[in-house]
Amino acid sequence: MTPFQFTSIARRLIGVLTVSVVAALPVTASAAEAARSVKLQVNGMVCAFCAQGIEKRLKALPAAGPIFIDLRNKVVAIEQRPGQTLDAERVANEVRESGYEVVATEAVAATVAQIRTETRAANPGR
Ligand SMILES: [Cu+2]
């Protein structure tokens, strides 16, 4: 192996490692990365009408983008529209005012599509 070949292989390896480290980072937003979605843990949602009521209420927020509600995992997530900001506490209050108990509120960097995938993978049920 020439020194050139070695360098080239080493560079490729470093590239692969960097990608894996970035992919393994948690999705909770830090000060350095922008929050994209608000994720809530909600008690009291028991049927499709509960989900519909919450969805309708959240959709009315001016910055509302995609919404994900999972009854089994008690998750409500809403993504902000590009260029807009969702206030996590305001989202939590909308859900509370709909009659449900919010037990955790989190601003996360993940999209709603990512939250949906993670939530279902963590507890697919059935
Ligand atoms: Cu219901």
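What follows is a short chat about the predicted model above.

Visitor: Before we dig in, what are the ground rules for this predicted model?

Guide: Residues are numbered from 1 along each chain as its sequence is written. Since we're on a predicted model, local features need pLDDT of at least 70, side-chain atom pairs count only at pLDDT 80 or more, and totals for chains, interfaces and linings use all residues.

Visitor: Which pattern does the protein chain follow along the sequence?

Guide: Helices (H or I, at least four residues) and strands (E, at least two) are DSSP runs, numbered from the N terminus. The protein chain has four helices and four strands. Read in order, they give α-β-α-β-β-α-β-α.

Visitor: Which element gives the most to the largest nonpolar core?

Guide: A nonpolar core is a set of buried Ala, Val, Leu, Ile, Met, Phe, Trp, Tyr and Cys residues joined through C-beta atoms within 7 Å. Buried means 20 or more other C-beta atoms within 10 Å of a residue's own, exposed means 12 or fewer, and partly exposed is in between, with C-beta atoms placed from the backbone. The largest core has 22 residues, with Leu40, Val76, Ala77, Ile78, Val91 and Val95 having the most contacts inside it. Its top contributor, with four residues, is strand 3.

Visitor: Why do the buried residues of helix 3 line one face?

Guide: In helix 3, Val91, Ala92, Glu94 and Val95 are buried. Look down the axis and take the directions from it to the C-beta atoms. The buried residues of helix 3 line one face because they fall within an arc of 155 degrees.

Visitor: And which residues are exposed on the other side of helix 3?

Guide: The buried residues of this helix pack against strand 1, helix 2, strand 3 and strand 4 (101–108). Flip to the other side of helix 3 and the exposed ones are Glu89, Arg90 and Glu97.

Visitor: Is Val95 buried or exposed?

Guide: Val95 sits in helix 3. Count the other C-beta atoms within 10 Å and you get 24, so Val95 is buried.

Visitor: Which residues is Val95 in contact with, leaving aside its neighbours within four places in sequence?

Guide: Contact means that the C-beta atoms of two residues, placed from the backbone, lie within 7 Å. With those sequence neighbours left aside, the partners of Val95 are Leu40, Val42, Ile54, Val76, Tyr100 and Val102.

Visitor: How far apart in space are Val95 and Glu55?

Guide: In sequence, Val95 and Glu55 are 40 residues apart. C-alpha to C-alpha, the spacing of Val95 and Glu55 is 9.2 Å.
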